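Trainee: I'm new to this one and a bit lost. Pick a single loop, take me through it slowly, and then show me how the rest is laid out around it.

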Amino acid sequence: MSKLLKITDIKVHFPIGKAGFFGRPAGYVRAVDGVSFEIQRGETLGLVGESGSGKTTLGRAVLRAIEPTGGQIVYEHDGTSVDIMALDRKGLRAMWRHMQMIFQDPYSSLNPRMTVRDVIGEPLIANKLAKGSALSDRVVDMAQRCGLDVEHLGRFPHAFSGGQRQRIAIARALILHPEFIVCDEAVSALDVSIQAQILNLLADLQVQLNLTYLFIAHDLAAVAYACDRVAVMYLGQIAEIAPTEKLYYTPKHPYTEALMSAIPEADPSRVMQPVFLTGERPSPTNPPDGCRFQTRCRYATDACRTSIPKLREHATGHWVACHHAEELTLKGALEHGVAARPAHLDSPTIQAGT
Ligand code: SF4
């Protein structure tokens, strides 16, 4: 696989309050604070973490849908390295044809006054890429790929179920044939039975259209099912990043261990051994010195309170930001009595019209 995207030291700091005569900000919410990673062409990289960890802000910053405060984003396109941060608005809009986003809420992300045919075809019209029968053919093709019934393209979004609306949103995001998709909690608002179908649809479309996904979610079971690698975010930074099986079964960061223990288990015969996080979660306006996880980490030492753990390669492809990663024996999803892939996500089948 070749590299598609490289982000280096991305920061998103939101100013808060006003202080002083010149009305300078009283402080900053450090929503994303120095994140670096690469995404390979054709892979699915999961991004997990609790609410407020900065994962959605990071996903939007990668596309510059939110303007990063600093850092570098380099996107490989047609044999050229494109510096996304250096693009003006016109250049950025042109790149958004290749980089799209699927949102969490299929209810509010679709215009209720447009027919499904118009919703899906609108990006082609806005970019002057098709009209007339060519436009209609491309809309029908993408609707069919996404499992929609073409007989229903003249209806309005409110006539569809949540799963169908997410299929419409996916068809709209893919109509320009992008290469890179940020899936921002794309299955979180759906019933569990529908989640599996949408995850399978995304996997099928990835193969058909050679797509690369950044898959943002808080459902660790869905992430285990969908992703090749997973990055764990805590308080605006990456705590750990590794191939999915390694991260789930042999985590090296105490925060990842706690997340693994919290995966719901459908089989009542398995014994859950959750790791409860005690202590306060620090404010992103004033993160602690040293390790940001120290206030909730049961393994914290004096070194953790004074020295910032750098994200380093613990083993090939397995990166961790913890001073004690080599000394700790942490429990993964299996040792917690949790099967990372629950029954409702096994062997789903795609059903058109669901
Ligand atoms: Fe815990 Fe220290 Fe590792 Fe941070 S560096 S996760 S406080 S053991």
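Mentor: Let's start with G236, which sits in the loop between strand 9 and strand 10. One thing to keep in mind as we go: this is a predicted model. The strands on either side of the loop cover residues 229-234 for strand 9 and 237-243 for strand 10. How exposed or buried is G236? Its relative accessible area is 0%, so G236 is buried. Now look at what lies across from it in space. G236 and D33 are 203 residues apart in sequence, yet their C-alpha atoms are 5.2 Å apart.

L235 belongs to that loop between strand 9 and strand 10 too. With a relative accessible area of 3%, L235 falls under the 20% cut-off and therefore counts as buried. Check its backbone while you're there: L235 isn't a glycine, but its phi is positive, near 50°.

You can find a positive phi elsewhere as well. R64, again not a glycine, has one of about 60°. Look for R64 in the loop between helix 1 (55-62) and strand 4 (70-77). Its relative accessibility is 7%, which is why R64 counts as buried.

Other loops hold residues that are partly exposed. Take Q104, in the loop between strand 6 (99-102) and helix 3 (116-126). Q104 has 37% relative accessibility, so it counts as partly exposed. Measure across to L209 and you get 22 Å from C-alpha to C-alpha, for two residues 105 apart in sequence. Then there's A159, in the loop between helix 4 and helix 5 (162-174). A159 comes out at 45% relative accessibility, so that one is partly exposed as well. From A159 to A86 is 73 residues along the chain, and their C-alpha atoms are separated by 42 Å.

Since A159 has brought us to helix 4, let's stay there a moment. Helix 4 runs over residues 132-145, and at 1.5 Å a residue its 14 residues should span 20 Å; the end C-alpha atoms are 20 Å apart, which agrees. Its buried residues are L135, V139, M142 and A143. They cover an arc of only 105° around the axis, so they lie on the same side of helix 4. The reason behind such a pattern is simple: an α-helix has 3.6 residues a turn, so residues three or four places apart point the same way. Turn helix 4 around, and the face away from its buried side carries the exposed residues S133 and D137.

A143 also gives you a long line across the model. Its C-alpha is 43 Å from that of K331, and the two are 188 residues apart in sequence. K331 is in the segment after strand 12 (318-320). At 37% relative accessibility, K331 counts as partly exposed, so don't file it with the buried residues.

Last stop, the ligand. What surrounds it? Working along the chain, you'll meet H253, P254, C291, F293, Q294, C297, Y299, A300, C304, C322, H323 and H324. This shell splits into 8 nonpolar and 4 polar residues, with no charged ones. And the space the ligand takes up is the largest cavity.

Notes:
Residues are numbered from 1 along each chain as its sequence is written. This is a predicted model: local features need pLDDT of at least 70, side-chain atom pairs count only at pLDDT 80 or more; totals for chains, interfaces and linings use all residues. Side-chain values use heavy atoms; hydrogens and water are left out. A residue is near a molecule or strand if one of its heavy atoms lies within 4 Å of it. On a 1 Å grid over the protein atoms alone, a cavity is a set of points where a 1.4 Å probe fits but cannot get out, and a pocket is an open set with protein on both sides within 12 Å along at least five of seven lines; lining residues have an atom within 4 Å of a point. A molecule sits in a cavity or pocket if more than half of its atoms lie within 2 Å of its grid points. Ala, Val, Leu, Ile, Met, Phe, Trp, Tyr, Cys and Pro count as nonpolar, Asp, Glu, Lys and Arg as charged, and the others, Gly among them, as polar. Helices (H or I, at least four residues) and strands (E, at least two) are DSSP runs, numbered from the N terminus. The expected span of a helix is 1.5 Å times one less than its number of residues. Buried means under 20% relative accessible area, exposed over 50%, partly exposed in between (1.4 Å probe, protein chains only). The arc is that of the directions from the helix axis to the C-beta atoms.
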